[in-house]
Each structure stands twice: as C-alpha cells, then as structure tokens.
Amino acid sequence: IVRNKIALVGAGNIGGTLALLAGLKELGDVVLFDVVDGVPQGKALDIAQASPVEGFDASFSGASDYSAIAGADVVIVTAGVARKPGMSRDDLIGINTKVMNQVGAGIKEHCPNAFVICITNPLDAMVWVLREACGLPHNRVVGMAGVLDSARFRYFLAEEFNVSVEDVTAFVLGGHGDTMVPLVRYSAVAGIPVPDLIRMGWSTQEKIDQIVQRTRDGGAEIVGLLKTGSAFYAPASSAIQMAESYLKDKRRLLPCAAWLSGQYGIDGLYVGVPVIIGGDGVEKVVEIALTAEEKAMFDKSVGAVKGLIEVTRGLMQG
Ligand code: APR
C-alpha cells in the first residue's frame with residue numbers, strides 16, 4: 001500500500017501544527033509548502049526528528065515550488081496573513097484573495113484530484129475564491145470553520161456543566177464571523193439537549209447566552225491574548241478531523257463551509273452547514289429544520305457572507 005500524501009500550503013503556525021498532527025495520527029506523508037524558503041523545510045525536518053520519539057512513520061518535506069504538491073490526496077490551505085489585535089477577519093480580504101488565486105492555480109496544475117480544505121480567513125469568502133481559482137468540483141473544496149466554532153462551544157459547555165468534553169456535542173451554523181449561529185437546541189450532553197439541562201438546573205439561560213457570545217468571539221479572544229497572531233492549535237485539530245474523515249471514508253457529520261446549490265434556500269455560496277464527509281468528499285449537505293428565530297440569524301449570517309463575496313468579486317476583476 002502506498003501512503004496517502006497530504007500537502008499543507010502555508011507552513012506558518014497552523015501549517016506546522018497540521019504537520020505534527022498528521023504525523024501523530026499517521027495520516028500519510030506530509031509536504032509543507034510556503035513562499036518563505038527555509039521555513040517549510042525546517043519545520044519538516046524538525047517534525048521528522050520527533051517521529052522516532054513519538055513512533056510514527058511518514059516522510060516530511062518542505063518546498064517553495066508548487067510541483068512538490070503533485071498528486072496530493074488532501075491539500076490543506078492556510079497560506080496568507082492572520083489577524084492582529086483590532087482586526088476583524090474581513091480586514092484580511094484584499095491580500096488573502098491574491099494568495100488564494102495563486103494557491104488555486106497551483107492546485108489546478110498539480111493535484112486536480114485532491115480533497116481541498118481551506119482555513120485562510122475570511123473563510124467563507126476565501127474558500128469561494130479558492131474553488132473558483134482551482135476549478136475543482138464543489139464537493140471537493142470545503143472550508144474549515146464549523147468544527148472549530150463548535151469545538152469552542154463544546155469546550156465552554158463542558159466547563160459550565162463540569163462534564164467530559166467528549167460527552168458534549170454542539171452545533172454551529174452560518175458564516176465564520178460575528179454572525180455565526182450557535183444552535184443551543186441541537187447541542188447536548190450525551191444526548192440530553194441543553195434546554196433540558198437548563199430545566200434540570202444544570203445552568204441558566206443567562207449563562208448559556210454568555211457562552212454563545214463567547215463562542216462567537218472565540219477567535220478574537222485568542223487574538224487579544226496572543227497579540228502577534230491568531231489561534232492555531234484548535235484550528236489545526238479541526239481541519240485534521242475533516243481530512244481524516246475523507247481519507248478513512250468515515251462519513252462523519254461535521255459542520256463545514258460547504259457549497260450550497262439550493263439547500264437552505266441558498267444557491268451558489270459557501271456557508272457553514274452540517275455535511276457528511278466521506279471518500280467522495282462532501283457527500284451530503286444535511287438540511288435541518290430551523291425555527292423562525294434561528295432562520296433569521298442564519299439569513300443574517302448568509303447576508304454577511306454575500307457581502308464579503310461581493311467585495312472579493314470586485315478585487316478579482318480589478
Ligand atoms: N503562498 C504560500 N504561502 C504563503 C503565501 C502565498 N502566497 N503568502 C503567505 N504565505 C504563508 C506565510 O509565509 C506564512 O508562513 O502563509 C503562512 C501563514 O502562517 P501564519 O502567518 O503563521 O498564519 P496562521 O496562524 O497559520 O493562519 C493562517 O488561517 O486561520 C487563518 O486567519 C488565519 O488567514 C490566516 C490563516
């Protein structure tokens with residue numbers, strides 16, 4: 001059996017963490033790509049030297065030429081710039097649109113059969129640009145946001161209920177921004193929905209509302225603490241979970257920024273919705289019923305994503 005090949009485009013904070021996690025989980029051979037020569041090679045060598053200690057077998061290499069990603073089964077894209085304190089994800093749009101165009105061209109030329117996961121922000125617009133630039137089928141290009149947003153929600157809920165993070169499931173819909181929609185009704189501890197837990201006295205509506213807001217601001221909270229960049233451990237873990245579901249055909253149901261062609265009444269946009277990821281990529285968009293209030297929040301979030309894409313379209317033409 002030949003090992004899978006995982007190409008990581010962008011060898012910064014998230015890229016390096018992705019490489020280590022891919023190694024620890026033995027997902028395949030890893031190629032790190034970056035425009036800064038030396039960084040991907042250095043990180044690859046460093047991680048390869050961890051492999052005898054951790055006990056994983058995989059090859060790690062670094063490159064600044066796109067030919068290195070040839071034949072990759074999975075490409076995870078983090079190339080671009082990250083936020084600094086005071087910036088919103090949307091402030092990155094100009095520079096990262098250009099970067100997505102370059103990366104998309106590289107993917108188109110060297111690995112048109114890959115499953116592509118975009119992490120670069122502002123996510124819902126950048127995954128759209130990347131798909132346009134690489135021309136791959138829409139079900140093979142997906143954005144990572146919902147797994148991270150729901151992981152933050154799960155972590156805060158587990159703290160509040162004083163239970164294992166493993167037993168908490170949570171649901172977040174919509175764009176990866178201030179308008180994201182954490183769905184309390186579909187979030188649960190071992191199957192017991194959060195509204196029931198409130199009735200059982202485990203928490204209060206006010207506390208849950210605070211957790212919802214902290215989840216929405218989860219990325220900014222970390223940018224504020226780090227000051228020199230944005231979150232990278234949890235974003236990397238989240239994308240690796242998506243890659244693993246594809247490579248192992250696990251058919252996990254995960255919230256991702258997926259292309260909608262009529263689902264949820266939306267046509268031609270990437271928005272965060274629950275999807276099944278298996279060996280064929282995004283195999284299904286799962287349409288859950290929303291209450292009027294949830295629908296209103298979702299529509300507001302979709303409106304924000306549309307606005308970003310309009311800006312991006314202007315940049316691509318200009
Ligand atoms: N092609 C390839 N790599 C590039 C390019 C390009 N055109 N432009 C920049 N890069 C590289 C940088 O050299 C850097 O190594 O992308 C890497 C980005 O790494 P970091 O700055 O450490 O950012 P990171 O924290 O990894 O986040 C990357 O993901 O979550 C988002 O908002 C975040 O958009 C940001 C991205």
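Biologist: What makes strand E13 and strand E14 count as paired?

Modeller: In this predicted model, four bridges join E13 (residues 267–278) to E14 (residues 281–285). Pairing requires at least two bridges, so the two strands qualify as a pair. They run antiparallel, and Ile-276 stands opposite Lys-284 in E14.

Biologist: What joins E13 to E14?

Modeller: A hairpin makes the connection, through two residues.

Biologist: How do you know that E10 and E11 pair?

Modeller: Strand E10 (residues 188–189) and E11 are linked by two bridges in the antiparallel sense. The criterion is at least two bridges, so this pair meets it. One position in the pairing is Val-189, whose bridge partner in E11 is Ile-192.

Biologist: Why do strands E7 and E11 stand at the edges of their sheet?

Modeller: The sheet is open and has three strands, in the order E7-E10-E11, with antiparallel pairing. Strand E7 (168–169) and strand E11 (192–193) each have a single partner strand, so one side of each lacks a neighbour in the sheet.

Biologist: What makes the approach of Asp-34 to the ligand a polar contact?

Modeller: An N or O atom in the side chain of Asp-34 is 2.6 Å from an oxygen atom of the ligand. The cut-off for a pair of N or O atoms is 3.5 Å, so this pair counts as a polar contact. For the side chain of Gln-102, an N or O atom is 2.8 Å from a nitrogen atom of the ligand, and this pair also lies within 3.5 Å. A backbone N or O atom of Gly-12 is 3.5 Å from a ligand oxygen atom.

Biologist: How much of the ligand is covered by the protein?

Modeller: The ligand exposes 730 Å² when taken alone, and the protein buries 85% of that.

Biologist: In which pocket does the ligand sit, and how do you know?

Modeller: The ligand sits in the largest pocket. The test asks for more than half of a molecule's atoms within 2 Å of the pocket's grid points, so the ligand's atoms satisfy that condition here.

Biologist: Which elements give two or more residues to the shell around the ligand?

Modeller: These are helix H1 (13–24) and helix H3 (93–110). H3 gives the most, with three residues. The ligand is surrounded by 20 residues, the closest being Asn-13, Ile-14, Asp-34, Val-81 and Gln-102. By class, the shell has 11 nonpolar, eight polar and one charged residues.

Biologist: What kind of peptide bond joins Asn-121 and Pro-122?

Modeller: The bond is cis, with omega about -5 degrees. Pro-122 belongs to the loop between strand E5 (115–118) and helix H4 (123–134).

Biologist: What phi does Glu-26 have, and where is the residue found?

Modeller: Glu-26 has a positive phi of about 45 degrees, although it is not a glycine. Glu-26 lies in the loop between H1 and strand E2 (29–33).

Definitions and conventions: Residues numbered from 1 in each chain as written. Predicted model: local features only at pLDDT ≥ 70, side-chain atom pairs only at ≥ 80, totals over all residues. Heavy atoms only, no water. Near = heavy atom within 4 Å. Polar contact = N/O pair within 3.5 Å; in protein donor to acceptor, adjacent residues only side chain to side chain. Areas by Shrake-Rupley, 256 points an atom, 1.4 Å probe, with all protein chains shown as cover. 1 Å grid on protein atoms, 1.4 Å probe; cavity = no way out; pocket = protein on both sides within 12 Å on 5 of 7 lines; lining within 4 Å. Nonpolar A, V, L, I, M, F, W, Y, C, P; charged D, E, K, R; others polar.
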